[in-house]
Amino acid sequence: MNALRLFAVFFRVSVLNEAAYRVNFFVQVFQTLLELGTSLAGLAVIYSYTQSLGGWRPNEMLALVGIFFLVGGIIGLIIQPGMSALIDAVRDGTLDFTLTKPEDAQLLASIQKAAVWSLIDLLMGLGVLVAALVRMRTGLSAGQVVAFAAMLLAGSVIVYSFWLILASLSFWFVRVENLLEIFRSMYEAGRWPISIYPGWLRFGLTFLVPVAFATTVPAEALTGRLGPGTLFLALAGAVGLFLLARLVWTLGLRRYSGASA
Amino acid sequence: MNTLYELRDLGKLYAQQLRTTFATMVQYRASLIIWTISAVLEPLVYLVVWTTVSNGSGGSVGSYTAGGFAAYYIVLMLVNQATYTWIMYEYEYRVRQGSLSFSLLRPVHPIHADIADNLSSKLVTLPLLLGAALVLGLLFRPSAVLQPWAIAAFLPALVLAFLLRFLVEWTLALAAFWTTRVSAFNQVYFVLMLFLSGQLAPLALFPGWLQTVAFVLPFRWMVGFPVELALGRLGPLQAVEGLGMQAAWLGLSLLLVRFVWKRGVRVYSAVGA
Amino acid sequence: MPAPAIHLEHLSKTYLVPEREAGAGAALRSLFHRRMQAVNAVADLSFDLAPGEIVGFLGPNGAGKTTSLKMLAGLLHPSGGECRVLGHVPWAREREFLRQITLVMGQRNQLVWDIPAADSFELNRAIYRLAPADYRRTLDELTGLLELGPLLRKPVRNLSLGERMKCEIAAALLHRPQVVFLDEPTIGLDVTMQRRIRAFLEEYNRRSGATILLTSHYMADVEALCKRVVVIHHGRLLFDGNLSDLLQKFSATKTIVVQLEDCVADLHQFGEVVDCEDGRFTLRIPKADTAHVTERLLTSLPVIDLLVEDPPIDEVIDRVFNLAPDVDGSSPEEHG
């Protein structure tokens, strides 16, 4: 597909870009390992006092941690850099260049930058996830695997759409970068299953800042907790939010190019 | 030089910085709200996690009930707010931009401007966090044994904690003189803080050997100690011990700051601003 | 007669700008009732460009040049009027249209900052879906014309401003567009580089037959490149024709440079004294009076040297702009 082809080209350029910085690969690995170690040590402290956290057993939590890093890696790899760059481009007018290219501007703007080092987070997360699954020893049914993949995809689409809506606000407001920070901070809450949070916080993490769909929901799919309601909500949410993001983007572009409403 | 004169100049500097910071923060209203969210969220998450553990373990973990955890994390949020700094990021930026040269040219030691900026920002954000603390208090029903003498001792402990943490983190910020990998440094520090200052869990819940380690290191004295004191979880002897440790570490950090700063300026000037 | 490459008819763009006076009272009032003022960035612009023409779009800052250019490139929706570029409506942003145009902006880069320009070129190759053979050929040609050889392997941030501009231009031309929009392409460049770029644009136009529309407030750009000049001021078309006609029409004066001993003498009776330095007077006089004033100067003053010349082109344009009435009542723009 054309989008994938373009993405590959942009990704290659991003790799070259980051290589130009000569960021030490080992330092990056060290940092991710440290983060992972911290997570696991924290879990060890918690689980020294209990066998189950809100119904989640140690290996299930481990899977959640893996997903947290995995999705964090996806966000850091291709969602955050593009959206951040988009806000800058709107502000300094370099979006004009994107708009004179014969490709869909939303596509170009979304894939224009990739932070290659986030791949480390992604792979580490995957590693932890696999380790957790091995330890759980309860076999995974094909249905669970499919549900997990679907929920992971839906979660990524939801997060992408959410970020795009926020980034598109820069067509109307200045200094929108701070808004993107909201997701970063609230994503920290995604380390833990959102079922343990009080109702109001659960609501916020599901419907206001969709962290729940990024981490907990895929983890639920993997650990056999996924209810049909949640499954449906995630899928509908992904489609709905994606369409909404497209709408906001289109409206934003019209505003940027001075089209009458 | 007349010391009184110096002090008055210092006072004026702090007042001026307060005005500047206030004006800047008013501009960045939106980021203040967002910042408040993250400042509240972290202790809130741990509060909920430990409450969940507590509820699943027969109502308490160690000497902490759900109410105890609520009190702990609400006070922790406020103490953390009072003592935290962002100075490492500042210095990384300043060294990269070369704007540090300006600070070096001033007759006053740059640390004063930084302290002033830190305090002024907190004055602005304090009402927001007090509001948040109030809301959390209503939502989670904290419980603590308040003792007048402990509350009285809390204030000096808090001041010492602030100074200690500021000096340590300011010294850490100077790493920017020597390396561009400041984020790796900072991360190690944050991890140590997370575990050993009482943020991940009240230190009383750690195994004995870890508590001893935490006693010797400075991190507890930056955050956890004032919190434990305020909540009436320490006896008078422990309080005195704690204040003593704070003072000792403060003295040590003063020496460290002087040492590192001198060296750092030499390195910075050698490279050429 | 071939269809025009670019066709504008009564094109206009009006912005609503919030009007605000200074002071706390006005700030408070603006919270409740925002008064908007209509600013005509572009008003009633009409002209045609034949394929292969190079046209200079001249005007002071804020005249509406960039706004017009953006409308032609499809980046802005006009408030009124019609426009066709290569038969397409620009702001419909059809793929076929976008494949045939290109935009170069003087102050802004599309090249990725930290990597060699060659890699940014690859990006454009992928976006425009250029066949490898065509791409190679075009790149080689541009490299030769712009002398890009050693520059392509260096990260863009290590290039000088002029070198960067050359690479930007190359990147913009890789897909062999039929219409080239250049917005202040030589701004900030040194004189030598400006000349090189102008020479390149001329050669490129000759070889490819591309239509080039270039905005500038450097007279030298327009002088060197464009036989045809469109002068725009306060959003309105002031002049559309040959540069030489422009000079003819609007320069009703000549400049006389008289060298005397010092600046003491008062020469106001002879004409408008523009300035004096070390005895070197610059006088501006009506063209018709040239012979008469020259004679009087030579006979009544101890003249060391005397020179009669056409006024500098910048001055002509300045006078053109100064002479133009404020047609839409908006605040006068900065001149020069």
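Student: How many residues does the contact take from chain C and from chain A?

Tutor: Let's count each side in turn. In this predicted model, the contact takes 24 residues from chain C and 22 residues from chain A.

Student: Which element gives the largest share of the side of chain C that touches chain A?

Tutor: H4(C) does, with five residues. At least two residues each come from H3, strand S5 (101-105) and helix H4 (117-127) of chain C. Sorted by class, this side of chain C has 15 nonpolar, six charged and three polar residues.

Student: Where in chain C is confidence lowest, and where is it highest?

Tutor: Among its elements, look first at helix H1 (residues 24-32) of chain C, where confidence is lowest, at a mean of 64. Helix H3 (residues 95-100) of chain C has the highest, at 94. Residues 325-336 of chain C have a pLDDT below 50, and this stretch has 24 contacts in the model beyond near neighbours in sequence. Where pLDDT is low, the predicted coordinates should not be read in detail. Chain C as a whole averages a pLDDT of 83.

Student: Now chain A. At roughly what angle do the axes of H2 and H3 of chain A cross?

Tutor: Helix H2 (residues 25-47) and helix H3 (residues 58-92) of chain A cross at roughly 155°, and their axes come within 11 Å. Angles over 145 degrees count as roughly antiparallel, so that is how H2(A) and H3(A) lie to each other. Their crossing is right-handed.

Student: Which residues meet there?

Tutor: From H2(A), Leu36(A), Ser39(A), Leu43(A) and Tyr47(A) meet Pro58(A), Met61(A), Val65(A) and Phe69(A) of H3(A). By class, seven are nonpolar, one is polar and none is charged.

Terms used
Residues are numbered from 1 along each chain as its sequence is written. Chains are lettered from A and ligands numbered from 1 in the order in which they are written. This is a predicted model: local features need pLDDT of at least 70, side-chain atom pairs count only at pLDDT 80 or more; totals for chains, interfaces and linings use all residues. pLDDT is the predictor's confidence in each residue, from 0 to 100. Helices (H or I, at least four residues) and strands (E, at least two) are DSSP runs, numbered from the N terminus. Two residues are in contact if their C-beta atoms, placed from the backbone, lie within 7 Å. Ala, Val, Leu, Ile, Met, Phe, Trp, Tyr, Cys and Pro count as nonpolar, Asp, Glu, Lys and Arg as charged, and the others, Gly among them, as polar. Axes are lines fitted to C-alpha atoms, for helices over the stretch in contact, and angles run from 0 to 180 degrees between N-to-C directions. Angles under 35 degrees count as roughly parallel, over 145 as roughly antiparallel, 65 to 115 as roughly perpendicular and the rest as oblique. A crossing is left-handed if the near helix is turned anticlockwise from the far one by less than a right angle, and right-handed if clockwise.
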